[in-house]
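This briefing introduces one structure to a reader who has not seen it before. It begins with the ligand and its surroundings and then turns to the packing of helices.

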Amino acid sequence: MSERKEILNIQGLSAGWGPMRVIHDLDLVVYAGERIGIVGLNGHGKSTLFSAIAGMTDWQRGSIKLNGKEVGGTRSQGPGRYTHLVVRQGLALMPQGDEIFTGLTVEEHLDSGAFTPAAWRDRKARKEKILEIFPPLRKLMSTPVGRLSGGERRMVSLGRGLMSDASLLLVDEPSLGLAPKIGKGVMKALMEIELGNSAMIIAEQNMALLEGQVDRVIGMHVGKLKGEASTSLAHEMKREI
Ligand SMILES: Nc1ncnc2c1ncn2[C@@H]1O[C@H](COP(=O)(O)OP(=O)(O)OP(=O)(O)O)[C@@H](O)[C@H]1O
């Protein structure tokens, strides 16, 4: 049997903002083809973990290997200084909320995500794939994103992340602020994406949205990963509580 390819390997990661330590000595390994949920309450460090992987925290120490290359190490030289290198190594971060440019149309937005030469050459086919994942965007391609509903904006924001040829997709609370039905629809679309040789980590506060959908659910509590379960086991555990 061939070995599973390691996309992300984090060992002994601590990271934080200013003097505050948010992530505490955290280990995590993610393999190609895996879809992982990180569940934790507000303020327990899910977004900070994503920022640390992207090299955007104020400081960090420990090892973060992305596709076998060290992108972590001790960093105190300023957040974002190495982020372009992490992105080049295969990261796409889809941040919490809608970090979008209200003046651009939906199509311009999607194009902006195809920033590598390979993704740009392939952008037509990539856009078609995204329209299959998020069909409501098809008739909105020429509409400025400032005019879209919250759910549509979220689709644009996630779609832009999917336009790059990233191998690690970090999706931060994709359902946040959306009506429950719309949030569930967005989540369903994320579950249906063919990962191939890439991997996806979804941070969520709402366990119910991940249950039975992802390969593993990991709990996050005060900056540490606590317990790990296949989603069926997580379901059993929840029933017993
Ligand atoms: N950019 C930042 N600058 C300074 N402090 C931050 C920043 N981002 C997060 N924090 C702080 O780090 C701690 C962990 O927050 P974080 O956003 O990582 O948690 P979370 O689990 O993602 O919660 P949420 O669901 O609210 O995003 C909090 O005390 C928060 O105030």
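Sorted by class, the shell around the ligand holds four nonpolar, eight polar and two charged residues. The model is a predicted one, and the points below take up the ligand site before the two helix pairs in which α3 takes part.

**The shell around the ligand**

- In total, 14 residues surround the ligand, and the closest of them are Asn42, Gly43, Ser47, Thr48 and Glu173.
- Helix α1 supplies the largest share of this shell, namely three residues.

**Polar contacts and burial of the ligand**

- A nitrogen atom of the ligand lies 3.4 Å from a polar atom in the side chain of Trp17.
- With His44 the partner is in the backbone, where a polar atom is found 3.1 Å from an oxygen atom of the ligand.
- For Gln205 the side chain is involved, since an N or O atom there is 3.2 Å from an oxygen atom of the ligand.
- The ligand taken alone would expose 620 Å², and 63% of that area is buried by the protein.
- Two elements, β2 (20–31) and α1 (46–53), are the ones that give two or more residues to the shell around the ligand.

**Helix α3 against helix α6**

- Two packed helices are described by the angle between their axes together with the distance between those axes.
- Helix α3, covering residues 106–113, packs against helix α6, covering residues 150–163, at an angle of about 35°, and their axes are 6 Å apart.
- The crossing that α3 makes with α6 is right-handed.
- On the α3 side the contact involves Val106, His109, Leu110, Asp111, Ser112 and Gly113, which meet Val156, Gly159, Arg160 and Met163 of α6.
- Divided by class, the residues in this contact of α3 with α6 are four nonpolar, four polar and two charged.

**Helix α3 against helix α5**

- Helix α5 spans residues 123–133, and its axis comes within 10 Å of the axis of α3, with the two crossing at roughly 115°.
- The crossing of α3 with α5 is right-handed.
- Glu107, Leu110 and Asp111 of α3 make this contact with Arg123, Lys127 and Ile130 of α5.
- In the contact of α3 with α5 there are two nonpolar and four charged residues, and no polar ones.
- Leu110 and Asp111 of α3 appear in the contact with α6 and also in the contact with α5.

Key: Residues are numbered from 1 along each chain as its sequence is written. This is a predicted model: local features need pLDDT of at least 70, side-chain atom pairs count only at pLDDT 80 or more; totals for chains, interfaces and linings use all residues. Side-chain values use heavy atoms; hydrogens and water are left out. A residue is near a molecule or strand if one of its heavy atoms lies within 4 Å of it. A polar contact is a pair of N or O atoms within 3.5 Å; within protein, one must be able to donate a hydrogen and the other to accept it, and residues adjacent in sequence count only if both atoms are side-chain atoms. Accessible areas come from the Shrake-Rupley method with a 1.4 Å probe; for residues, only the protein chains shown count as cover. Helices (H or I, at least four residues) and strands (E, at least two) are DSSP runs, numbered from the N terminus. Ala, Val, Leu, Ile, Met, Phe, Trp, Tyr, Cys and Pro count as nonpolar, Asp, Glu, Lys and Arg as charged, and the others, Gly among them, as polar. Axes are lines fitted to C-alpha atoms, for helices over the stretch in contact, and angles run from 0 to 180 degrees between N-to-C directions. A crossing is left-handed if the near helix is turned anticlockwise from the far one by less than a right angle, and right-handed if clockwise. Contact means heavy atoms within 4.5 Å.
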